[in-house]
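Trainee: I am new to this structure and would like a close look at a single part of it, with the surroundings added afterwards.

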Amino acid sequence: MKYDVPPINKVLLGDCIESMESLPEGSVDMIFADPPYNLQLGGDLHRPNNSKVDAVDNDWDQFESFRAYDEFSQRWMKAARRLLKPDGTMWVIGSYHNIFRVGSMLQDLGFWMLNDVIWRKTNPMPNFRGRRFTNAHETMIWVAKDKDARYRFNYEAMKALNDDLQMRSDWTLPICSGKERLKKDGVKAHPTQKPESLLYRVILSSTEPGDIVLDPFFGSGTTGAVARKLGRNWIGLEQDPEYAQIAEARIKRVKAEADLELLRTQSKRALPRVPFGSVVERGMLKAGDVLYDGRRRYSAKVRADGTLVTSDFQGSIHQTGAFVQKAPSCNGWTFWHVEQKGKLIPIDAYRTQIRAELN
């Protein structure tokens with residue numbers, strides 16, 4: 001069956017490549033792919049107490065050779081690239097077994113590397129045999145469709161999520177466990193269920209409410225569940241009817257937020273421009289008030305026209321901040337502070353207040 005429009009918020013049952021080929025070209029905003037890792041496990045693995053480890057030994061993770069795995073990978077990646085909008089992005093997660101092969105193929109197919117992100121697990125499975133380092137991380141590769149793509153990155157959302165610090169490319173998050181781990185008859189419903197915290201960060205960083213997120217290896221439906229929480233549309237592709245049923249039931253239990261503005265982080269570049277002169281005009285600061293940098297090394301006086309003056313320079317808040325530091329540039333809003341009740345407050349607080357009034 002060929003689709004003229006994307007069948008959003010549905011699980012399509014069947015081969016992922018055939019399903020992708022049935023969808024319209026350039027119809028999805030982001031893809032999250034958790035493909036088979038081709039783990040190449042050699043026999044059963046047991047704990048020191050001789051209990052068997054529940055390892056990933058499913059047929060869908062078995063390939064007769066590296067060549068067979070590469071051919072499969074290239075086919076699904078080509079199909080995925082066709083589905084991405086011109087400015088869309090894709091995330092692919094893997095382990096040391098497959099991620100280096102995946103990265104090379106992505107570049108060969110024309111994708112443009114944006115980041116590799118290390119998911120450091122806070123609670124990894126121990127190395128029971130004691131013959132290698134404990135495998136405590138997985139790697140995600142984030143790519144744009146090509147080098148000219150004007151891809152989305154919600155920088156402010158990631159910074160806010162990280163206590164107002166730039167989000168780094170190493171993410172420390174727990175593996176899926178406890179109540180979040182789906183079970184059927186007391187055992188794991190899916191052996192490689194990813195934690196919702198991981199998908200939360202992925203989806204929030206590179207999509208907007210209303211965007212379409214595709215997962216070609218849907219499994220237990222983590223991508224769909226988190227997409228629904230964040231007001232994104234989703235499409236899941238899954239070949240196993242049992243997994244598809246589990247995923248659909250899981251997503252139905254998710255309560256979607258009706259107010260999409262609560263799910264959106266506005267880019268600072270899109271906010272209304274506020275000149276410093278507006279702060280003076282509104283009487284928030286007045287001519288003669290003294291501004292300081294955050295460590296009181298420099299000071300300047302406010303002029304009635306919204307410029308600042310020091311003993312040997314006059315200019316905008318940005319120009320004056322750059323001059324006193326002998327720096328090529330300066331963000332005057334965050335550099336300059338005003339003293340209130342003995343504390344230094346960034347003048348950016350006034351800009352935030354004005355923007356709130358404008359909105």
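Leaving aside its neighbours within four places in sequence, with which residues is Arg181 in contact?

Mentor: Please keep in mind throughout that this is a predicted model. Once the neighbours within four places in sequence are left aside, Arg181 is in contact with Cys176, Lys188, His190, Pro191 and Gln193. Arg181 itself lies in the loop between β6, residues 170–173, and β7, residues 183–184. Although it sits in a loop, Arg181 counts as buried, because its relative accessibility is 12%, and the cut-off for that word is under 20%. One of its contact partners, Cys176, also counts as buried, at 4% relative accessibility. Another cysteine, Cys330, is buried too, with a relative accessible area of 16%, and a search of the whole structure finds zero disulfides.

From this loop one can step back to the strand before it. The strand β6 belongs to an open sheet of eight strands, whose order is β1-β10-β9-β2-β3-β5-β4-β6, with mixed pairing. The edge strands of this sheet are β1, residues 10–13, and β6, each of which pairs on one side only. On average, and with direction ignored, neighbouring strands of the sheet are turned by 20 degrees against each other. Elsewhere in the order, β9 (residues 212–215) and β10 (residues 233–238) pair in the parallel sense over four bridges, and Leu214 has Ile235 in β10 as its bridge partner.

Helices also pack on this sheet. The helix α2 touches β2 (28–33), β3 and β9, and its direction makes about 145 degrees with that of β3. The helix α3, for its part, touches β3, β4 and β5, and its direction makes about 165 degrees with that of β3.

It is worth following α3 a little further. Within this helix, which spans residues 99–108, Ile99, Val102, Gly103, Met105 and Leu106 are buried. Seen down the axis of α3, these buried residues fall within an arc of 165 degrees, so they line one face of the helix. What covers them includes α2 (66–83), β3 (84–94), β4 (112–121) and β5 (137–144). The face of α3 turned away from this buried side carries the exposed residues Phe100, Gln107 and Asp108. After the helix α3 comes Gly110, whose phi is positive, near 100 degrees.

Methods
Residues are numbered from 1 along each chain as its sequence is written. This is a predicted model: local features need pLDDT of at least 70, side-chain atom pairs count only at pLDDT 80 or more; totals for chains, interfaces and linings use all residues. Side-chain values use heavy atoms; hydrogens and water are left out. Buried means under 20% relative accessible area, exposed over 50%, partly exposed in between (1.4 Å probe, protein chains only). Helices (H or I, at least four residues) and strands (E, at least two) are DSSP runs, numbered from the N terminus. The arc is that of the directions from the helix axis to the C-beta atoms. Contact means heavy atoms within 4.5 Å. Two strands pair if DSSP finds at least two bridges between them. Axes are lines fitted to C-alpha atoms, for helices over the stretch in contact, and angles run from 0 to 180 degrees between N-to-C directions. A disulfide is a pair of cysteine sulfur atoms within 2.5 Å.
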